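This briefing introduces a protein model to a reader who is new to structural description. Please keep the structure in view while reading.

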Amino acid sequence: MATQLRERPDVALPHTTAAGSDLLRDAVLHVREACRILEIDPTTERLLEMPERELTLTLPVEMDDGSVALFQGYRVQHSRLRGPAKGGFRYHPDVTLDEVRGLASLMTWKCALLDLPYGGAKGGVACDPSRMSTRELNTLTRVYARALAPLVGPHVDIPAPDVNTNEQTMAWFLDELERQSGTFQPAVVTGKPLELGGSAGRGEATGRGVAHITRLMLDRLGIPLSEARIVVQGFGKVGYETVVSLVGSGCRIVAVSDVSGGLYNPAGLDIERIDLHLRSQPQRLLGGYSGDDAQIISNEQVLTLPCDALIPAALEGQITSANAHQVQARVIVEGANGPVTSEADRVLAERGIIVVPDILANAGGVVVSYFEWLQGLQGRRWTLEAVRTELDAMLTSAFEHVVARADRSEVSLRQAAFLIAVERVARVARLRGLTPQGV
Ligand code: NAD
């Protein structure tokens with residue numbers, strides 16, 4: 001049975017109001033819980049909890065109307081114990097330093113769980129990209145890249161796309177860094193367009209990985225793919241590719257949603273038709289879709305529909321103590337980072353609902369980012385087939401490792417994943433001579 005997460009009274013936890021703060025608080029709690037089970041000393045525990053470096057930026061951007069807007073930006077390098085810091089950056093109005101700290105911490109544990117030679121980082125700019133022109137986004141990205149230039153590099157910190165950032169954003173970011181340094185640096189950023197040194201299969205990687213882990217989990221539960229009913233919240237880079245891959249394996253997608261609302265059809269949605277609708281408008285939103293027998297539902301309703309697998313693939317803090325009692329899924333696969341709060345985790349465990357944690361479920365993106373980085377360093381190209389084969393193998397191995405650890409230590413899948421990851425990072429801290437004694 002899952003051990004309960006406990007707050008330790010002697011060290012203050014971060015203030016918890018906004019979803020971003022909850023994410024940070026939960027990341028800290030998961031690390032503390034793993035340290036307690038692993039009997040790691042308090043100094044090492046603190047070292048693993050705390051971010052190594054953080055940068056807060058004020059970014060002046062000339063807008064199309066000639067005014068100058070100031071945006072708040074961040075980059076947090078949580079850990080570089082196992083290798084250069086790795087993690088995406090997002091553009092979203094709700095970005096806060098606490099959110100970025102929590103996301104950076106998750107990257108450390110995700111990379112360690114997958115045994116990638118990386119630490120963890122994350123970045124973000126508080127802005128609303130849906131209200132900015134392409135020129136303004138290009139300028140903002142270049143201003144952000146110039147500010148980060150002294151702190152990033154192929155062996156220091158390697159950014160990538162996240163919420164509301166994409167291949168084009170990475171292309172602008174790369175171009176600005178290369179202009180600054182006067183050298184080509186294809187390994188300084190991942191998630192780039194193929195023509196600029198990107199990798200085959202990077203765009204689909206996170207969603208493909210989420211789908212792969214979902215299939216492994218359904219198989220473990222004895223649910224045939226042809227009978228599986230799946231709900232996906234969020235229809236962006238991760239949610240969309242997850243749906244495409246699961247439909248390809250014969251699963252029934254009964255509901256999808258994005259920021260404009262949700263669509264539900266218990267008999268299965270017509271994904272091809274929905275795709276045509278998305279392609280017909282520049283914002284690529286589900287809103288306005290009319291087709292098959294899809295009912296229009298709210299984002300709240302999407303999370304509590306009856307299904308076999310619920311895949312939150314939008315933002316953090318979606319399943320909380322307020323709605324965890326109403327979830328009707330057999331398993332939740334965390335496509336997004338931190339979509340299930342620790343309070344909800346407890347409720348779901350009591351109700352026998354399995355949660356496959358983000359640091360395992362959505363690791364496909366950083367795995368293929370690693371392949372892209374290797375290709376950039378070596379000046380080589382992998383085929384799509386090689387990328388997919390290697391990705392599936394690494395995810396299967398991590399999944400089996402986590403399941404075996406959960407069985408052996410009688411803990412949840414999330415705790416097992418954190419035990420493996422924290423043990424690996426703590427060992428490196430000890431080898432580097434940074435801890436008081438062995439772990
Ligand atoms: P994205 O910007 O491409 O898509 C986000 C999607 O969520 C959009 O469809 C948006 O409309 C939707 N959304 C936003 N608010 C919503 C709400 N309240 N209800 C329903 N839908 C909502 O971002 P993405 O890259 O797909 O990232 C999604 C999540 O996956 C984030 O948590 C991100 O950190 C995580 N993640 C992304 C990657 C990656 O490679 N892109 C890798 C690992 C984890």
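The points below take up the ligand, three helices and several single residues in turn.

The model is predicted. Around its ligand stand 23 residues, the closest being Asp162, Asn164, Thr206, Val238 and Asn337. Two of the helices described here are α4, made up of residues 134-148, and α13, made up of residues 384-409.

**The ligand and its surroundings**

- Asn164 places a backbone N or O atom 2.9 Å from an oxygen atom of the ligand.
- Val238 likewise has a backbone N or O atom 2.9 Å from a ligand oxygen atom.
- With Thr206 the side chain takes part: one of its N or O atoms is 2.8 Å from an oxygen atom of the ligand.
- On its own, the ligand has 830 Å² of accessible area, and the protein covers 87% of this.
- Three elements each give two or more residues to the shell around the ligand, namely α6 (202-220), α7 (237-248) and β8 (252-258).
- Sorted by class, the shell contains eight nonpolar, 10 polar and five charged residues.

**Residues with positive phi**

- Asn164, which is among the residues closest to the ligand, belongs to the loop between β6 (157-158) and α5.
- The phi angle of Asn164 is near 65°, a positive value in a residue that is not glycine.
- Asn164 has a relative accessible area of 42%; because this lies between the limits of 20% and 50%, the residue is partly exposed.
- Asp115, located in the loop between α3 (97-113) and β5, also has a positive phi, near 60°, although it is a residue other than glycine.
- The relative accessible area of Asp115 is 48%, so this residue too counts as partly exposed.
- Glu410, which comes just after α13, adopts a positive phi of about 55°.

**Helix α4**

- Helix α4 has 15 residues, and the distance from its first C-alpha to its last is 21 Å, close to the 21 Å expected at 1.5 Å a residue.
- Its buried residues include Glu136, Leu137, Arg142, Tyr144 and Leu148.
- The buried residues of α4 pack against four strands, β1 (53-62), β2 (68-79), β4 (89-91) and β5 (119-126), and against the helix α5 (167-181).

**Helix α13**

- The 26 residues of α13 should span 38 Å at 1.5 Å a residue, and the end C-alpha atoms are 37 Å apart, which agrees.
- Among the buried residues of α13 are Val387, Leu391, Met394, Phe399, Arg405 and Ala406.

**Two buried residues: Val95 and Arg414**

- Val95 is situated in the loop between β4 and α3.
- Val95 counts as buried because its relative accessibility is 4%, and buried means under 20%.
- Leaving out residues up to four places away in sequence, Val95 touches Tyr74, Arg90, Val100, Gly124, Val125 and Ala126.
- From Val95 to Gln168 there are 73 residues in sequence and 20 Å in space, C-alpha to C-alpha.
- Arg414 is part of helix α14, which runs through residues 413-431.
- With a relative accessibility of 6%, Arg414 is likewise buried.
- Apart from its neighbours within four places in sequence, Arg414 is in contact with His30, Glu334, Val340, Asp345, Val355, Pro357 and Asp358.

Notes. Residues numbered from 1 in each chain as written. Predicted model: local features only at pLDDT ≥ 70, side-chain atom pairs only at ≥ 80, totals over all residues. Heavy atoms only, no water. Buried < 20%, exposed > 50% of the residue type's maximum accessible area, 1.4 Å probe, protein only. Contact = heavy atoms within 4.5 Å. Expected span 1.5 Å × (residues − 1). Near = heavy atom within 4 Å. Polar contact = N/O pair within 3.5 Å; in protein donor to acceptor, adjacent residues only side chain to side chain. Areas by Shrake-Rupley, 256 points an atom, 1.4 Å probe, with all protein chains shown as cover. Nonpolar A, V, L, I, M, F, W, Y, C, P; charged D, E, K, R; others polar.
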